[in-house]
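Open the model in your viewer and keep the selection tool at hand. This tour moves from stop to stop, saying what to select and what is there.

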Amino acid sequence: HIGIFGRRNMGKSSLINVIAKQDIAIVSEIPGTTTDPVRKTMEVAGLGSVVFIDTAGIDDYGTLGDKRVSKSFKEIKTIDLAILLISENVFSEAEEMIVTELHKQDVPFIIVHNKSDIVSLHPSLKKQLVEKFHCDIFEMCAIKNERLNLFIEMLRRNIPETAYHSKSLLGGILKQGDLVVLITPIDSEAPEGRLILPQVQAIRDILDNDCIAVVVKEREIDHLMSRLVPSPALVITDSQVFLKADAAIPKNIPLTSFSIMLAHQKGNFSHYLSGTPVIGKLKDNDKILLLESCSHHVSCDDIGRVKIPRWMDNFTGKKLIYDIVSGLDDLPRSINDYALVVQCGGCMITNKQLTNRLKQAIDAGVAVTNYGMAIAYMHGIYNRAVAPFSEIQNDDYL
């Protein structure tokens, strides 16, 4: 995710249009044309899928203007790289505010001096900015589509590799030729004609590790296991059918869930391990925050909004209070009010977004867990479910 920031009428919308080679954002000489962040997803060679975010001017004012600026600043928590646009050699308080927030969120940035056809970047300003911020400075004229290839190359140099190279989901667990069974229920929550993203990601990762994937519904797992020779090296199940999978899969075969697989890849697995057992210590009126990092239609069998609260109430026997937040929306109360945060697998958000989402809880000393790990704990199969990721397993947490 790459955010484009700057004052009004700096050419932010022109830049996103020229990168995309489409009229994505409205371009006008009237300051304040962009009100809400505009997103464009495209493929960039060497980076893969990139989301460019065009934000409102950071120098907007008035009641609505202040809200637009606030939205622009909120985007900083979601991005991997920032582009700060300036022109006519102006760099003052508004730009300093953005840079301060970027540093606070540990977001790398480049400074682009736009509209170079009108006024060129003064060497003294360039020298000052390089010495102060140690960042790349680029000069261009967005509307003339000049130096675009050089600009894209600068993006490649500055965006952190972790933003587009994720570690393998199952690397280190599998060896070449291993057989992996995926238990994928087709229920009311399954998308029409498709598998859910974690299941697709698991299949791809299994293939990338030169292994064999066998996909089966939970009703056929007994029949499959009676026919499989040799036995699978690993079974990955949807968390909702953990108990059935645990009963069907011999104890000598490693078993985990798609959600726990994602927890190991992104987020903070060690904090998940230490935070999950807090479920057994919850008290009446404790507040639980469920972070559902995507937006979808809610069904009567919804895992986050229906099943986890029901399982948690039954497991603890306590009267608990639940807040559910979708996407990257603001929290309804202070993070310090919660006894536990339960994060979904996070397949629809970036590592940076998930890390920032959990950071406020971890910094505040609030326990965090993950959908799959919480479900495994409440169903009495936690030890088995996290065991495949033994390289970071700590027996004290089990």
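**Stop 1: helices 11 and 13**

Select residues 303–316, helix 11, and residues 371–378, helix 13. In this predicted model, their axes come within 10 Å and cross at roughly 30°. An angle under 35 degrees counts as roughly parallel, so helix 11 and helix 13 are roughly parallel to each other. The crossing is left-handed.

Now show side chains. From helix 11, the contact uses Ile303, Gly304, Ile308, Trp311, Met312 and Phe315. Helix 13 contributes Tyr371, Ile375, Tyr377 and Met378. Which classes of residue make up this contact of helix 11 with helix 13? Nine are nonpolar, one is polar and none is charged.

**Stop 2: helices 6 and 9**

Next, pick residues 197–208 for helix 6 and residues 258–265 for helix 9. Here too the axes come within 10 Å, but they cross at roughly 70°. Angles of 65 to 115 degrees count as roughly perpendicular, and helix 6 and helix 9 are therefore described that way. Their crossing is left-handed.

Pro198, Gln199, Gln201 and Ala202 make the contact from helix 6. Phe258, Met261 and Leu262 meet them from helix 9. By class, the contact of helix 6 with helix 9 has five nonpolar residues, two polar ones and no charged ones.

**Stop 3: helix 4**

Select residues 123–133, which form helix 4. Which residues of helix 4 are buried? They are Leu125, Leu129 and Phe133. Look down the axis of helix 4: these buried residues fall within an arc of 35°, so they line one face of the helix. The general rule helps here: an α-helix has 3.6 residues a turn, so residues three or four places apart point the same way.

Turn to the other side of helix 4 and find Pro123 and Lys127, both exposed. Then show what covers the buried residues of helix 4. The cover includes strand 4 (81–87), helix 3 (93–104), strand 5 (109–114) and strand 6 (137–139). Before leaving, click His134, just after helix 4. His134 takes a positive phi of about 55°.

**Stop 4: helix 5**

Move on to residues 148–158, helix 5. Its buried residues are Leu148, Phe151, Ile152, Met154 and Leu155. They cover an arc of only 155° around the axis, which puts them on the same side of helix 5. Rotate to the face turned away from that buried side. Asn149 and Arg157 are the exposed residues carried there.

**Stop 5: Ala245 in helix 8**

Select Ala245, in helix 8 (residues 242–248). Is Ala245 buried or exposed? Ala245 has a relative accessible area of 2%. Buried means under 20%, so Ala245 is buried.

Show its neighbors next. Leaving out residues up to four places away in sequence, Ala245 touches Ile183, Thr237 and Leu255. Now draw a distance from Ala245 to Glu218, C-alpha to C-alpha. The two are 7.5 Å apart in space and 27 residues apart in sequence.

**Stop 6: backbone oddities**

Most residues other than glycine have a negative phi, and most peptide bonds are trans. The next three selections depart from that pattern.

- Select Glu88, in the loop between strand 4 and helix 3. Glu88 is not a glycine, yet its phi is positive, at about 55°. Glu88 is partly exposed, with a relative accessible area of 46%.
- Select Asn285, in the loop between helix 10 (269–275) and strand 11 (287–292). Its phi is near 70°, again a positive value in a residue other than glycine. Asn285 counts as partly exposed, at 46% relative accessibility.
- Select Val229 and Pro230, which are joined by a cis peptide bond with omega of about 0°. Pro230 lies in the loop between helix 7 (221–227) and strand 9 (234–237).

**Last stop: the whole chain**

Clear the selection and zoom out. How many helices and strands are there in the protein chain? There are 14 helices and 14 strands. Along the principal axes, the C-alpha atoms fill a box of roughly 75 × 50 × 40 Å.

Color by burial: buried residues make up 51% of the 398 residues in the protein chain. Then turn on contacts between residues at least 6 apart in sequence. Of these, 73% join residues at least 24 apart.

Definitions and conventions: Residues numbered from 1 in each chain as written. Predicted model: local features only at pLDDT ≥ 70, side-chain atom pairs only at ≥ 80, totals over all residues. Heavy atoms only, no water. Buried < 20%, exposed > 50% of the residue type's maximum accessible area, 1.4 Å probe, protein only. Helix = DSSP H or I, 4+ residues; strand = E, 2+ residues; numbered from the N terminus. Arc of directions from axis to C-beta. Contact = heavy atoms within 4.5 Å. Axes fitted to C-alpha atoms, helices over the stretch in contact; angles between N-to-C directions. Parallel < 35°, antiparallel > 145°, perpendicular 65-115°, else oblique. Left-handed = near helix turned anticlockwise from the far one by under 90°. Nonpolar A, V, L, I, M, F, W, Y, C, P; charged D, E, K, R; others polar.
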